[in-house]
Structures are given as C-alpha cells and as structure tokens.
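Visitor: I have some questions about the words people use for a protein model. Could you take me through them?
Guide: Gladly. Let us look together.

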Amino acid sequence: MADIAVIGGGAAGAAAFGELLASYEAGTVHWIVGQQAPGRGVAYATKDDRHLLNVRASGMGVFAEHGEDFIQHASRQLGQVKGTDFLPRRIFGDFIQAQVGARIDAARRLGRSFRIYPENAHEVLARGEGGYAVRVGEQRWLDVGHVVLAVGALAQRPLRTVSHAALESGAYELDPWRLDRHVHAPRRVLVIGTGLTAVDTLLSAAERWPHAELVAVSRHGLWPFTHSALPLATYARQQALNEALLACDGVAPMLRLVRAAFDDATETDWRSIVDGLRPMNALLWQRLSHARRRQFLQHARWVWEASRHRMAPASGQAIHQLEEEGRLQVLAARVLEVDGTAPLQVTLRERATQLVSKLEADLVVQATGLDTAVAYGADPLLSQLLRDGLAVADPLQLGVLAQADGQLVGASGAPQPGLHAIGSLLRGNLWECTAMPEIRATAHRLALQLSASRATSYEDVGELP
Ligand SMILES: Cc1cc2nc3c(=O)[nH]c(=O)nc-3n(C[C@H](O)[C@H](O)[C@H](O)COP(=O)(O)OP(=O)(O)OC[C@H]3O[C@@H](n4cnc5c(N)ncnc54)[C@H](O)[C@@H]3O)c2cc1C
C-alpha cells in the first residue's frame, strides 16, 4: 500500500496533486479539496478584478514544467498580455484549474490512479504498521503511505481586543473576502491592517460603498511599497552581498549590510536588491537561532513585509488616489479595543503621540494577514495532529516544526515518516514559502522524492466525484 493523500484544495494542493499525477505510479493519489472550488484557495477565489497578482505574469505558474504558459492563457481571456503585467488573480485561478484539468486528462490516458473528494479531512492517524489512516468527511477512511498537508493558513481568529458583543453584532468581519455579506452601506469602514489583504479589502470597499469613509489602521501605518512598472536591473554586487549575509551572525549585522548595499547601489533601485535576496531567504532564516528569529519578527518584520511583498503599481495608484481624494485615511496606531454593536466603538492608541482616542465604525474588517499559530487555532485536523504528537507547533507560532524538505517533526523530536507539509505551515522552517514560485518548486521536489521513495502495488483508476 503506497497511496498518497494530498489534503487542501488551494494552489499548493493543486500543485502537489498535479505533480504527483505526472510522476507517481506506486498507488492512488487522493486529493481532498474541502468545499471550495478546487485549486483557487484563498488567493485566487476572488471575483473582483481589482485584486491583482503581486507577481508579474511571467513569474506565475502552477507546475515546475509549464504545460501551458500563463501569459498565453491570460491573453485568450484579456487580449494582448505582457509578461511584465500584474494581472487579476481571478485569471490565475482559472489557469490553475485548466492546468490541473490537463494533468487529470493525461493521468487518465496513462491509466494513473487518482480520486478527488469535495470534503474536508478531519483526522490523520498513524497506523501501527506504518502509514496513515485519513478520515475524509464523516465516514470514509483512506489508508495511505504518505500525507501531504497543503491546508494553507488558519481561519482568522478575532484579535484579543475585540469584545464578544462586537463579534456578535455582525459589524465585525473576520473574513476580508466576504464584504458581500454586508448589505447595508456603512458610513465608515475601518480596516485593521495595511498589508496586501487590507489593500484589496479597501479597493473593494471603495467600489462597493462609494460614499463610505475608509480608515485603515496598523501599528506603523505603512502600506506595502509598489512594484516598479518594468523589471529592474539587477544589483551588480548582489552575489557578494548574499555571500556576506550568509556569513553574518545575527539580524542587526544583516540589516546593516543590506542598508550599506542600498547606499552603495546608487545606480540600482533598492527593490532589485530585496528581490535578489529571494534565493537566500530560507537559508538565512534557517541560520538564525530562535532568539534571533524572534528579534527579527519584533523589530524588522513590518518593514520586511512592506518591502518584500509589494503591491502591483495599479493597486498602489488606486490606494494613493483614495487618500488624495480624502476618502481614505491611514493611521499608525494600536487597536486597544473594539466594542459595542452597530456602530462599533474602536479605541486606538496613536503611535506618534501615544494619545488614546475613540472612532466609530459601522463595519470593522480584520485584515491582519496569515495566521499560522496552530497551537492557538481551532482547526480540527491540525489540533488532532498536535494532540497525537504527529506535529509540533513552531515555537514562534509560524506553523509546524519540519525538516528542510518539509517532512514534519513529531513530538518525539524525530521526523514523522511519510507526513509532509507544503506552503504556509512551513513558515517556521522556510520563512518565505507561500508564493507560487516557491510553492511550485517545493511541490515538484516533493513529488519526485515521493515517487522515488517506493514502488509497490498499483490500483484501479478512481472516479471523479
Ligand atoms: C490575498 C492573497 C494574494 C496573494 N497573491 C499572490 C500572488 O500574486 N502571487 C503569488 O505567488 N502568491 C500570492 N499569494 C500567496 C498565496 O498564499 C499562494 O500563492 C497560494 O495561493 C497559497 O495556497 P495554499 O494552497 O497554500 O493555501 P490556501 O489558498 O489557503 O488553500 C488551502 C486550502 O485548503 C483547504 N483546507 C484546509 N483544511 C482542510 C482540510 N482539513 N481538508 C480539506 N481542505 C482543507 C482550505 O479550505 C483552502 O481551500 C497571495 C496570498 C493571498 C492571501
């Protein structure tokens, strides 16, 4: 028995499933996709074409070997598209589905065995004789040799400062992608967060409620920087910088080196230097002790996130235009409390002055980014894995402990054979592992590793639901 279960129906699950369909011959590949449209996940389920990719079209793909180019696919929908464009995320969602569909057709022709389940996986139990039993839906159990967890980030938990009354009022929205649930036009919308998700939320809110006043609040009140319209020249001394960073001991000397490179590179845009660190990010992160990672998270994360995860130029223009028109105000403040019913009362402490003030908002949207604190979340599957000692929470709450190749580390401290993760659960280990370029490379490596690991029985072709 060497079946594989891929759990999670987002882009990472799609990449892992498609790669396994192409290479895995030793058993059935089961894809447990949950109740959403398979392949799209959180990022690519949006129907709002103001929600743009933050990677140029030429950088987007699902599989390591591109079956069909995303640019060609997008051109068929949008007309002429350039590789340097930042396209609507919806189009990439369509592309993922088309790509997985093509892999399914090819797998059928090859007689490969697979099944897709539009249900959640609720439990993964270790079997005494090796491998795992996976419970899908209420009743069905699958016996598999390997499990790939591609479950993305956790569902948002309310901030600790939000009262029960506020949560119950219906005026506090935990899911920034569900503004459509609010039918009455609010006079003021307050978005907690100023990252990429907050930007999309504000653009949707501005369109949906043209008369609403918009407020965005985060500790530093810093928007993501924007991408340049065209790709940038690379920094001539990038390799030397990356090597020097690898030799650094600690976060502060690393930041000093990067700053010195900004000063040195008078001919080069600073964004090119940040992008040039990409191949090194995981390695640099892995070299930091937990104490130093904590330091980075406390002191440098906010500026790293804004510099590294930049927004498309059109999104930046739209946000700055809203500010110039006086419709959008951004505050650097800490949210001390959200209370009341409708309107909600939001208590803030302004960063610069430490003054405490109150703001009323008819709708408050929490857009605070990825939550991977599995020990505090209420996800049934992850909680069960932690309880059974098959997974261990990362000490900085950045997902689960894992080896460099994504194999989970169990409570015994040993690698958990056959149990792998891909995507945001691995942030503790890899730090930057949530964007498509990293996801598709990881999915490809994992599929090759699993395909090479063992070849045993061969089962019949499964039926699509
Ligand atoms: C708003 C946004 C914009 C982004 N834009 C870009 C971009 O432009 N370019 C880029 O490269 N990256 C982008 N990213 C990064 C993005 O995280 C990845 O590209 C990718 O979408 C991550 O997919 P995922 O499958 O890991 O997670 P998710 O999209 O979260 O998918 C996980 C899926 O697993 C399902 N699931 C969870 N638990 C279970 C279970 N027990 N059983 C079954 N199913 C389960 C969930 O319901 C969900 O559908 C963006 C991310 C966000 C949030």
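**Words and the values behind them**

Guide: P343 sits in the loop between β11 (328-340) and β12 (344-350). This is a predicted model.

Visitor: What makes the bond that joins A342 and P343 a cis peptide bond?
Guide: Look at omega. Its value is about 5 degrees, and the bond is cis. Most peptide bonds are trans.

Visitor: How do you know how confident the predictor is in the protein?
Guide: Use pLDDT, which runs from 0 to 100. The mean for the protein is 93, and 97% of its residues reach 70 or more. Residues 455-465 are another matter: pLDDT stays under 50 there. The model still has 31 contacts beyond four places in sequence for that stretch.

Visitor: Why is the protein called as compact as a globular protein of its length?
Guide: First, the parts: 15 helices and 16 strands. The radius of gyration is 23 Å, and the globule rule gives 23 Å for 465 residues. The two values are close, so the protein is as compact as a globular protein of that length. Its C-alpha atoms fill a box of roughly 65 × 55 × 50 Å along the principal axes.

Visitor: How many of the residues count as buried?
Guide: The cut-off is under 20% relative accessible area. Buried residues make up 51% of the 465.

Visitor: Why is W431 called buried?
Guide: Its relative accessible area is 6%. Buried means under 20%, so W431 is buried. W431 is found in the loop between α14 (427-430) and α15.

Visitor: What is notable about phi of W431?
Guide: Phi is positive, about 65 degrees, although W431 is not a glycine. Q397 also has a positive phi, near 60 degrees, and is a residue other than glycine. Q397 lies in the loop between α13 (380-387) and β15 (407-409). Most residues other than glycine have a negative phi.

Visitor: Which residues of helix α11 are buried, and what covers them?
Guide: In α11 (residues 301-308), W304, A306, S307 and R308 are buried. Their cover includes α8 (270-276), α9 (281-287), α10 (290-299) and α15 (436-453).

Visitor: How do you know that contacts join residues far along the sequence?
Guide: Take contacts between residues at least 6 apart in sequence. Of these, 70% join residues at least 24 apart.

Visitor: And where do the charges lie?
Guide: There are 46 positive and 49 negative side chains. The centres of the two sets lie 3 Å apart.

How values were computed:
Residues numbered from 1 in each chain as written. Predicted model: local features only at pLDDT ≥ 70, side-chain atom pairs only at ≥ 80, totals over all residues. Heavy atoms only, no water. Helix = DSSP H or I, 4+ residues; strand = E, 2+ residues; numbered from the N terminus. Rg over C-alpha atoms; globule rule 2.2 N^0.38 Å. Buried < 20%, exposed > 50% of the residue type's maximum accessible area, 1.4 Å probe, protein only. Contact = heavy atoms within 4.5 Å. Lys, Arg positive; Asp, Glu negative; His and termini not counted. Charge placed at Lys NZ, Arg CZ, Asp CG, Glu CD.
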